[in-house]
Structure formats: C-alpha cells, structure tokens
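Please open the model in your viewer and keep the selection tool at hand. The stops below go from a small site outwards to the whole chain.

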Amino acid sequence: MARRAMVAGNWKMNGKRQAQGVIEQVVAGLADRGEKAAGVDCILCPPSTLLAGAAERAAGSPLTIGGQDAHAEPSGAHTGDISAEMLADAGAQCVILGHSERRADHGETDAYISAKVAAAWRAGLTAILCLGETEAQRDDGDAVETVLAQLDNSLPEGGTGANLAVAYEPIWAIGTGRTPLLHEISEIHSALRDALIARIGSEAGNVRLLYGGSVKPSNAAEIFAADNVDGALVGGASLKAEDFLAIIDAAAATHA
Ligand code: PEP
C-alpha cells in the first residue's frame with residue numbers, strides 16, 4: 001500500500017516572532033517546488049506562541065501547522081497547559097504527543113499519553129505519537145521490546161492512517177548527531193508495523209511510520225530508503241528553512 005511521505009518539524013522551545021520568517025521561507029520554497037513536493041505531507045510544529053501566526057502564513061499552502069503537546073482535557077484549571085481544542089482553534093491540524101523530552105521533563109506516562117492521543121482525536125487533530133528507547137535499553141538488547149510496550153500502552157483504540165502517525169525516536173539519537181544503523185531503524189519500524197496490524201488490522205497499512213533523531217539533509221535520503229520508513233520527525237534541522245526543505249526534497253525523491 002503506497003503511503004504518502006510525511007516530514008514534520010519540531011521546533012521545540014525555539015523561535016521568537018521573527019522565526020515566522022522561516023515559516024514564510026518554507027511556504028515560498030514549497031510553492032517553488034510545486035508538484036515536486038506534492039507527494040509529501042509537510043508539517044511544522046512551532047512553539048504555541050507562534051502557532052496562530054504560523055497557521056495564517058501557511059494557509060492555502062501545502063504546509064500544515066501542528067502543536068508540540070496537548071492536555072488530555074478540553075479546558076479547565078490547568079495553568080500553563082493547552083488543550084487539543086485550543087490548538088485546533090489556533091489553526092493546528094496535528095500534534096506531537098509523547099515526545100521523550102515531555103516524558104522526561106514532565107513525567108508523562110504511557111497511560112497519560114494515551115489519554116492525550118484520544119484528546120487529539122476528539123479535537124480532530126492527527127496525533128504524531130513518539131516512542132523510543134534509551135541508550136541503555138538498546139545496549140541491553142531491549143529496544144524492540146521497549147518501543148512495542150510504549151506503543152501498546154500509549155495508543156488508544158481508534159487509530160487510523162488519517163488520525164495517527166508514529167515516530168520512532170531513539171532518545172540517544174535526538175540532538176546528538178548520532179543515528180541508528182539503517183537495519184536497526186528498519187527492525188523497529190517493521191516491528192511497529194506488525195504490532196499495528198495486530199492492533200488495528202488493515203488500517204495499519206495507512207499509518208505513517210516516521211524516524212526521528214538527528215535527521216539532516218546529508219542523511220535523509222538513506223534513512224527514507226529504509227524499509228517501512230515513511231518520513232521523518234525533524235528537530236534541529238527544521239529550524240532552518242533550507243535544511244527542512246532539503247529533507248522534504250529527499251522524501252519526495254525517495255517516495256516518488
Ligand atoms: C526531535 O526532538 O523530535 C528530534 C528528532 O530532534 P533532532 O532532529 O534535533 O535530533
């Protein structure tokens with residue numbers, strides 16, 4: 001089954017108002033590419049302070065805007081939090097959930113992340129569900145088991161190719177410049193595909209599996225060529241329009 005490629009950028013806690021210029025550059029770059037990038041779903045997830053402005057700048061272009069997290073409740077007494085409904089209202093179409101930095105910084109558990117995924121779906125957002133092992137878990141030979149357990153416990157019932165993408169992000173590869181070997185990425189992605197088939201049947205064939213962790217223009221093409229890799233979740237390299245667009249070009253070339 002042919003899946004559209006997806007390249008999503010995660011700006012994390014980076015970007016003040018002037019960073020809207022990067023959104024404008026990406027929108028312009030996609031317009032220049034026209035049909036060449038038409039096979040790739042392109043997403044940028046800026047900090048929430050920039051989200052509404054980014055969505056306005058991206059309106060009518062192939063770029064869509066996403067959030068980086070959402071609370072499990074639609075509204076209420078949760079100081080500092082943002083709900084999926086609020087993200088949708090600001091123009092987001094998707095949201096990253098379960099990122100390892102949120103799991104570490106905010107003690108997010110699989111069960112809590114599962115509630116957030118359900119909340120994203122309730123608000124009509126696509127969830128980009130992040131999973132990944134620590135370096136110690138990989139060294140101990142527990143990478144596959146760890147990631148599959150995270151999927152099992154953080155994915156609620158009801159996933160489809162339209163409302164879900166899964167990002168495999170080994171924690172030790174995020175922001176370090178290190179990446180797993182290609183066969184290690186494929187091993188995890190194939191295991192994720194099989195687990196999704198067991199959970200949601202044939203719909204699993206429509207769910208995009210993204211790799212994340214030090215993806216950059218120089219390694220994107222080889223990563224995208226690996227089995228069961230449908231795109232990338234990109235951190236640092238998504239902060240520069242030129243690099244982000246080069247990664248989109250690699251996805252478009254590999255999935256043409
Ligand atoms: C991320 O944080 O989702 C990520 C993949 O970061 P980087 O590309 O910078 O490793």
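Which backbone N or O atom lies 2.7 Å from an oxygen atom of the ligand? Select S214, because the atom in question belongs to the backbone of S214 and makes a polar contact, that is, a pair of N or O atoms within 3.5 Å. Around the ligand, the protein covers 95% of the 300 Å² of accessible area that the ligand has on its own, an area calculated by the Shrake-Rupley method with a 1.4 Å probe.

Before going on, note that this is a predicted model, in which local features need pLDDT of at least 70, side-chain atom pairs count only at pLDDT 80 or more, and totals for chains, interfaces and linings use all residues. Residues are numbered from 1 along each chain as its sequence is written, and side-chain values use heavy atoms, with hydrogens and water left out.

Next select K12, where an N or O atom of the side chain is 2.5 Å from an oxygen atom of the ligand, and then G175, where a polar backbone atom is 2.6 Å from a ligand oxygen atom.

Now show the 14 residues around the ligand (those with a heavy atom within 4 Å of it), of which K12, H99, E169, G175 and S214 come nearest. Coloured by class, this shell has four nonpolar, eight polar and two charged residues, with Gly counted as polar.

Finally, zoom out to the whole protein, which has 10 helices (DSSP runs of H or I, at least four residues) and eight strands (E, at least two). Its C-alpha trace spans about 45 × 45 × 35 Å along the principal axes.

Conventions. A polar contact is a pair of N or O atoms within 3.5 Å; within protein, one must be able to donate a hydrogen and the other to accept it, and residues adjacent in sequence count only if both atoms are side-chain atoms.
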